Amino acid sequence: MLANIGFPGLILILVIALVVFGPKKLPEIGKAAGNTLREFKKSARDLTGDATDEIKEARDIIRGEENK
């Protein structure tokens, strides 16, 4: 759905946001959205790292049992 917006649609959304929120509030909203995205990426990276660590531990255990 969002892939079909295009550049003109993005400009229209930004203009509507500017009218609704005003020029003083828009930078604050952008900063909050950026912080939210950063936290989401950090959480996803941590979750992926935890799963990767578990897989490595399981491989090590399996390899250790095969070597005995």
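A residue counts as buried when its relative accessible area is under 20%, as exposed when that value is over 50%, and as partly exposed in between. With these words in hand, the predicted model shown above can be read as follows: of the 68 residues of the chain, 3% count as buried. The accessible surface of the chain comes to about 6400 Å², and 65% of that surface belongs to carbon and sulfur atoms.

The secondary structure consists of two helices and zero strands. Helix α1 covers residues 6-21, while helix α2 covers residues 26-67. For α1, the length can be checked by a short calculation: its 16 residues, at 1.5 Å a residue, should span 22 Å, because the expected span is 1.5 Å times one less than the number of residues, and the end C-alpha atoms are indeed 22 Å apart, which agrees. Just after α1 comes Gly22, which takes a positive phi of about 90 degrees.

Two patches can be described on the surface, one nonpolar and one charged. The nonpolar patch, of about 750 Å², is made by Ile5, Phe7, Leu10, Ile11, Ile13, Leu14, Val15 and Val19. Leu14, one of these residues, lies in helix α1 and has a relative accessible area of 49%, so it is classed as partly exposed. In an α-helix there are 3.6 residues a turn, and therefore residues three or four places apart point the same way.

The other patch carries negative charge and gathers Asp46, Asp50, Asp53, Glu54, Glu57 and Asp60 on the surface. Asp60 has its place in helix α2, and with a relative accessibility of 51% it counts as exposed.

Which residue forms a salt bridge with Lys25? The partner is Glu28, and the closest N and O atoms of the pair are 3.5 Å apart, which means that the pair meets the cut-off of 4 Å for a side-chain nitrogen of Lys and a carboxyl oxygen of Glu. By this rule the count comes to one salt bridge.

The table below collects the relative accessible areas of the residues discussed above.

| Residue | Relative accessible area | Class |
|---|---|---|
| Lys25 | 43% | partly exposed |
| Glu28 | 48% | partly exposed |
| Leu14 | 49% | partly exposed |
| Asp60 | 51% | exposed |

Both members of the salt bridge, Lys25 and Glu28, are thus partly exposed, whereas Asp60 in the negative patch counts as exposed.

Key. Residues are numbered from 1 along each chain as its sequence is written. This is a predicted model: local features need pLDDT of at least 70, side-chain atom pairs count only at pLDDT 80 or more; totals for chains, interfaces and linings use all residues. Side-chain values use heavy atoms; hydrogens and water are left out. Buried means under 20% relative accessible area, exposed over 50%, partly exposed in between (1.4 Å probe, protein chains only). Helices (H or I, at least four residues) and strands (E, at least two) are DSSP runs, numbered from the N terminus. Accessible areas come from the Shrake-Rupley method with a 1.4 Å probe; for residues, only the protein chains shown count as cover. Patches are made of residues with over 30% relative accessible area and no salt bridge: like charges are joined within 9 Å, nonpolar side chains (Val, Leu, Ile, Met, Phe, Trp, Tyr) within 5 Å. Lys and Arg count as positive and Asp and Glu as negative; His and the chain ends are not counted. The place of a charge is taken as NZ of Lys, CZ of Arg, CG of Asp or CD of Glu.
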